[in-house]
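Work through the exercises below with the coordinates open. Each task is followed by a solution in steps.

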Amino acid sequence: MASTEGPAPVEPTPPVDVLYCQVCSFPVEYCEFGSSFTRCKEWLQKTDGALYDRFYSEEALQAKIGTLSLEAQEKLEKDTAKKEAKAEAKAESALKKKMASQVTIKRIERNKRKHVTAILGLENFDVDLKKAAKFFATKFATGASVTKNLQGQDEIVVQGDVSGEIVDMIEDGVGLLKGVPKDNVVEVEEKKKKAGE
Amino acid sequence: MFKKFQPASDVSGQVSVKTSVQRGIRSSILAQWRITPETLEQIWPKKESLTLVKCREHISIYTLHGEPLIFQHFDGPYFPTLRLLHKYPALLPPVTIDRGAIRFLLAGAHMMCPGLTSAGGRLPAAADALPANTPVAIHAEGKEHAAAVGILKLPTEDIKRINKGVGVETVTYLGDDLWKLQTL
């Protein structure tokens, strides 16, 4: 009888470990197509000098020019420089907007005696709304939830009038409200009239 | 396919996949991709169960421990995510595009035939000709890692012959919203 072994057991191919640039998350060789090429190059030089030489040393750059004609290569460089500048400007304006954005605390009247407190704008400061809502609910022993208001923004609605306490909590930077600077807080009082009145 | 994809708004549900369906996926993958059962075992052990994430436009993403591995559109062929393809480059047959096309690929464009047939591009030889609707890994001239995953719109022989129009449709590329998603 023939040996029943068949082909020897095949070894699984091991996964290739790819170095992803920490700056732009691409594999290192594609950093030039990302929007932060200069920062990527600095990072790579710091992290892995050998790889840096492999990609950005003189001969490597010469070889890369490869099949493109001279003018096409120049155009490519100009376009990537423009793209990088645009991306930097966008990141800067986003950061400025974040600094200027406010956290609005609204006290809304529900019945003559009862109020709800609505907190808008926490997401600009990277606060996880669901966790924050749960946190408020346990802290104040009332209901709290995350809802979308009429403008489509997410807000935390807490039952009862807790606006004062929330301002204090933001000032002290309690729990997950850590990142919020207290000068960005605005308190508003609203008299919500039911539609059709 | 993943140009505009926000997990918060575009994901409609996450379910565990039935074992019968999982077995079906496993056998389809072994048939469609260039993979050995041992390597598949390494990526996706038999005991582990995938999670199906349903997205808008009939896109299904299968994840393991939160990491997306495979996705498909409708009931079409299964594609590996680009991150998976980087780890196991032999999964899909490669086609190469020339350098000038890279920036368009990374913006999400489909690859036109001239990009594949010009000096920098490379297509499989006639002996390994691939039919239409085959998933392929799109490599870039001079680069070691794949830049995108695509699907052939024309058989490779036709791409060489006709040399006009879309050759490979880009399904997912480096830097798209699926790439940015590391867990789901």
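**Exercise 1.** Is A:Glu29 buried or exposed? Determine also what its side chain reaches.

Solution. The model is a predicted one.
Step 1: Place the residue. A:Glu29 belongs to the segment that precedes α1 (37–47) of chain A.
Step 2: Take its accessibility. The relative accessible area is 5%, and the cut-off for buried is under 20%, so A:Glu29 is buried.
Step 3: List the contacts, leaving aside neighbours within four places in sequence. These are A:Phe55 in its own chain, and B:Lys143, B:Glu144 and B:His145 in chain B.
Step 4: Look for the polar partner. The backbone nitrogen of B:His145 lies 2.7 Å from the side chain of A:Glu29.

**Exercise 2.** Describe the interface between chain B and chain A by its area, its residues and its polar pairs.

Solution.
Step 1: Start with confidence. The model has an ipTM of 0.75 and a pTM of 0.73. For chain B the average pLDDT is 86, with 98% of the residues at 70 or above.
Step 2: Give the area. About 2200 Å² is buried between chain B and chain A, and carbon and sulfur atoms account for 57% of this.
Step 3: Find the main contributors in chain B. B:Arg99, B:Arg103 and B:Lys143 supply 29% of the area that chain B buries against chain A, more than any other three residues.
Step 4: Assign elements. On the side of chain B that touches chain A, two or more residues come from each of α3 (37–43), α4 (82–87), α5 (99–105) and β9 (146–152) of chain B. The largest share, 4 residues, belongs to α5(B).
Step 5: Count residues and pairs. Chain B gives 25 residues to the contact and chain A gives 22 residues. Between the chains there are 8 residue pairs in polar contact, while the number of salt bridges across the interface is 0.

**Exercise 3.** How many salt bridges does the structure hold over all chains? Compare the settings of three examples.

Solution.
Step 1: The total over all chains is 8 salt bridges.
Step 2: In chain A, the side chains of A:Asp154 and A:Lys148 form one at 3.9 Å, N to O; the cut-off is 4 Å. A:Asp154 is partly exposed at 26% relative accessibility, whereas A:Lys148 is exposed at 60%.
Step 3: In chain B, B:Glu169 and B:Lys153 meet at 3.4 Å, N to O. B:Glu169 sits in strand β10 (residues 166–173) and B:Lys153 in the loop between β9 and α7 (156–162), so this pair ties together parts that are 16 residues apart in sequence. B:Glu169 is partly exposed at 27%, and B:Lys153 is partly exposed at 36%.
Step 4: B:Arg161 and B:Asp158 form a salt bridge with their closest N and O atoms 2.3 Å apart. Both residues lie in helix α7 of chain B, 3 residues apart, about one turn of the helix. B:Arg161 is exposed, with 63% relative accessibility.

**Exercise 4.** Which strands of the five-stranded sheet in chain B stand at the edges?

Solution.
Step 1: Write the order. The open sheet runs β1-β2-β3-β4-β5, with antiparallel pairing.
Step 2: Read off the ends. β1 (11–16) and β5 (79–80) each have a single partner strand, so one side of each is left without a neighbour in the sheet.
Step 3: Check one inner pairing. Strands β2 (residues 51–55) and β3 (residues 59–64) of chain B are joined by 5 bridges. B:Lys54 has B:Ser60 in β3(B) as its bridge partner.

Key: Residues are numbered from 1 along each chain as its sequence is written. Chains are lettered from A and ligands numbered from 1 in the order in which they are written. This is a predicted model: local features need pLDDT of at least 70, side-chain atom pairs count only at pLDDT 80 or more; totals for chains, interfaces and linings use all residues. Side-chain values use heavy atoms; hydrogens and water are left out. Two strands pair if DSSP finds at least two bridges between them. pLDDT is the predictor's confidence in each residue, from 0 to 100. Buried means under 20% relative accessible area, exposed over 50%, partly exposed in between (1.4 Å probe, protein chains only). A polar contact is a pair of N or O atoms within 3.5 Å; within protein, one must be able to donate a hydrogen and the other to accept it, and residues adjacent in sequence count only if both atoms are side-chain atoms. Contact means heavy atoms within 4.5 Å. Buried area is the accessible area (1.4 Å probe) that two parts lose on being put together, summed over both.
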